[in-house]
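I opened the notebook to look up how this chain is put together, beginning with its charges and ending with a single residue.

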Amino acid sequence: MKINPKNGIDKVIFGMKQNDVTAIYGKPDRNYKDEDENVIFAYNKLKMRLTFYVEEDFKLGYIVASSPDLELFGNKILNRKISDVKKDLVVKGITKFTQEEFDTFENYFNEENWIIFQTEFDEVVKFEIGAIINQKDEFDWKFPAKK
């Protein structure tokens, strides 16, 4: 499953609506609302959780994934040492990370691409990607809106 920075993962693109996603992947294994009333789709087989933002007319704005098939710029990222993953990204000009620690986990956040690598015991265990917010402080939706 290819990660497309600033756009999404695999066939899902930021700005899609729920019916766009179900047309591709079918009905989610879980469908629920979070504390902010955003709609969450969870696909077990894909190991992906999709968030559709209520305040953005339920457009897809955030993805959390933990599939071992995830690839960023042709490189697998899960179950690899974060130092090796970061080395791969230097070639693509992605070098700035904010690091957060909690319990045995660490998050490595790159704001420019709105990506987070979550590690445990120095290995990537989860990946998160969000829609980009532009200079006007609005989401930069990549999926064309239907007229």
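I looked up the charges and found that the mean positions of the 23 positive and 27 negative ones are 7 Å apart, where Lys and Arg count as positive, Asp and Glu as negative, and His and the chain ends are not counted. The place of a charge is taken as NZ of Lys, CZ of Arg, CG of Asp or CD of Glu.

I noted that this is a predicted model, in which local features need pLDDT of at least 70, side-chain atom pairs count only at pLDDT 80 or more, and totals for chains, interfaces and linings use all residues. Residues are numbered from 1 along each chain as its sequence is written, and side-chain values use heavy atoms, with hydrogens and water left out.

Next I turned to the core. The largest nonpolar core (buried Ala, Val, Leu, Ile, Met, Phe, Trp, Tyr and Cys residues joined through side-chain atoms within 4.5 Å) has 40 residues, and Ile9, Met48 and Leu50 are among those with the most contacts inside it. The largest share of this core, five residues, comes from β7; strands are DSSP runs of E, at least two residues, numbered from the N terminus.

Last, I looked up Ala65, which lies in strand β7 (residues 59-65). Ala65 has a relative accessible area of 1% and is therefore buried, a word that means under 20% with a 1.4 Å probe, protein chains only. Leaving aside neighbours within four places in sequence, Ala65 is in contact with residues including Ile9, Met48 and Phe127, contact meaning heavy atoms within 4.5 Å.

How values were computed:
Helix = DSSP H or I, 4+ residues; strand = E, 2+ residues; numbered from the N terminus. Buried < 20%, exposed > 50% of the residue type's maximum accessible area, 1.4 Å probe, protein only.
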